[in-house]
Amino acid sequence: MEKLPNDSVLVVDFGAQYAKLIARRVRECKVYSEIVPHNVTPQEVRRRKPKALIFSGGPSSVYQENAPVPHPELMDLGIPILGICYGHQLLARMLGGRVEATGVREYGGTDLRVVGESLLFHDLPAEQKVWMSHGDSVTEAPPGFRVTAVTAGSPVAAMENPDRRIYGVQFHPEVVHTPHGMDILKNFLYLAADCLPTWTMVSIIEKAVEEVREQVGDNRIICGLSGGVDSATAAVLVHKAVGDRLTCVFVDHGLMRKGEPEQVEDTFRRHFRMNLIHVKAQDRFLRRLKGVVDPEMKRKVIGEEFIRVFEEVARELKDVRYLVQGTLYPDIIESGTGDAAKIKSHHNVGGLPEDMDFILVEPLRDLFKDEVRAVGEELGLPEEIVWRQPFPGPGLAIRIIGEVDAEKLRILREADEIVVEEIKRAGLYRKLWQSFAILPDIKTVGVMGDERTYAYPVIVRAVTSEDAMTADWARLPYEVLERISNRIINEVDGVNRVAYDISSKPPATIEWE
């Protein structure tokens, strides 16, 4: 683990579905945060010098066998600690309090009453709504702690020990359903931990530029440019650091949406005036994908082929060892790291070949998507790039279920273009995280012009999300769905049915592969 920036917080993850949200909320308070596994050692924490620790919630009971617990010395480091839900119960039990299954569970909105003097509730209402999700309850605070809030089902809904700088809340301040949650987090960060709100877009850019210069020195660099906000922001950041020693390489793998290759080339040559090499590699990618149906294998094949193209370009440019990628923090988490379970390999993380000749430069790897967009706006990227909906690096290959070929790509491109056009026409594009079409590996019976057809269905997917870690299916108006369906069936040869995906993440993922 690298040393943290000044005024930073470590979120200790006990398997919580909200751990990523806690980290984001802390950053929204302009304090840098990172997630670490529950078994992080005191030595690692000392070395990284955070201003505070936050113990996340989790699905376990503190009495459950093999329940995750932190190293007990973390409580003796003198670093302020905030325990949330399960983290609150852990602190209570490990420090001599009592946690019990009282038979009274609290889920959802709950009335909370502040009792006595409290740092966490400083300048906040004595009575407020909070969001609860727990079965066990802290029934007795540890010695030296004072109870600062109660609910009907939680006699110790919040507790504090200012001398030890340890605080706990049974509820979830990180969710929007706790109206004063951000104020509570700010009180902890600013009053208990003495953090300063220094994590700003300007500081992020300055830090990234400095780190790139330190990493690459006087060497030349290439950047894998896709035209999306991630790679575009990474490219502009690195260009700010090294100038003309950067060459952007746009690999047209034949798996992009309709008109995108032309748009990417025009935008970056005209708007940014960067060194740009456009490699047209559709045939070689389709050859590599022939017969490949497993989604993980698709990602690895595409990731490896990208690297091979970059290596060829680097050899032509001579003496290029560094490759810039727009890898984000959620990419790292989803590809499996530490305690994070592997959900899927990202072509630019878990899909990279082991035998590549590059040293990776990833100036965005600590950022969530909304932070990248804010950095992109600060750097002057055009709106159509900053707010383009996320598009996976493997492109349409992972939106075609089964083997990829030219005909399936034609069908999906045409259908996807209709989806995007109608979503924009309805004024919904900026309100959705993603909206796109999927082509499954099946055909269905239909009727057109009194004749039987046997053609592909198209599935439409639209979701709302903040950072892709969780997502909810979008409740699109029926008239929008109707226009999308009618147009796809009437305008796209080879399709006779349209369905709409109404599953959320979890348990589904946003992409189908």
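Nine aromatic pairs turn up in a search of the whole structure. A pair here means rings of Phe, Tyr or Trp (its six-membered ring) with centres within 6.5 Å; planes under 30 degrees apart are stacked, over 60 edge-to-face, and the rest tilted. Before I go on, the ground rules. This is a predicted model, where local features need pLDDT of at least 70, side-chain atom pairs count only at pLDDT 80 or more, and totals for chains, interfaces and linings use all residues. Residues are numbered from 1 along each chain as its sequence is written, and side-chain values use heavy atoms, with hydrogens and water left out.

Back to the rings. Take Phe14 and Phe55. Their ring centres are 5.5 Å apart and their planes stand at 65°, so this pair is edge-to-face. Phe14 is in the loop between β1 (8-13) and α1 (19-28), and Phe55 is in strand β3 (residues 52-55), so the pair ties together parts 41 residues apart in sequence. Helices (H or I, at least four residues) and strands (E, at least two) are DSSP runs, numbered from the N terminus. Both Phe14 and Phe55 are buried. Buried means under 20% relative accessible area, exposed over 50%, and partly exposed in between, with a 1.4 Å probe and protein chains only. Tyr86 joins Phe14 and Phe55 in one aromatic cluster.

Tyr86 takes us to helix α3. Seven of the nine residues of α3 (residues 86-94) are buried, so the helix is largely enclosed by the rest of the structure. Among them are Tyr86, His88 and Gln89.

Now the backbone around α3. Most residues other than glycine have a negative phi, and most peptide bonds are trans. Cys85 has a positive phi of about 55°. Cys85 sits in the loop between β4 (81-84) and α3. It is buried, at 6% relative accessible area. Just after α3, Gly96 has a positive phi of about 105°.

Lys49 also has a positive phi, near 55°. Its place is the loop between α2 (42-48) and β3. Is Lys49 buried or exposed? Exposed, at 58% relative accessibility.

Which peptide bonds are cis? One joins Lys505 and Pro506, with omega about -15°. Another runs from Pro506 to Pro507, with omega near 10°. Pro506 lies in the segment after β21 (495-500). Pro507 lies in that segment too.

Next, charges over rings. The criterion is NZ of Lys or CZ of Arg within 6 Å of the ring centre and within 35 degrees of the ring normal. Arg373 has its charged end over the ring of Trp433, 5.5 Å from the centre. Lys424 does this with Tyr429, at 4.9 Å.

Two buried polar residues. Asn161, in strand β10 (residues 158-161), is buried at 6% relative accessible area. A polar atom of its side chain lies 3.2 Å from the backbone oxygen of Gly144. The backbone nitrogen of Arg164 is 3.1 Å from a polar atom of the Asn161 side chain. Thr233, in helix α6 (residues 229-242), is buried at 0%. The C-alpha atoms of Thr233 and Leu379 are 7.8 Å apart, with their positions 146 residues apart along the chain.

Methods:
A polar contact is a pair of N or O atoms within 3.5 Å; within protein, one must be able to donate a hydrogen and the other to accept it, and residues adjacent in sequence count only if both atoms are side-chain atoms.
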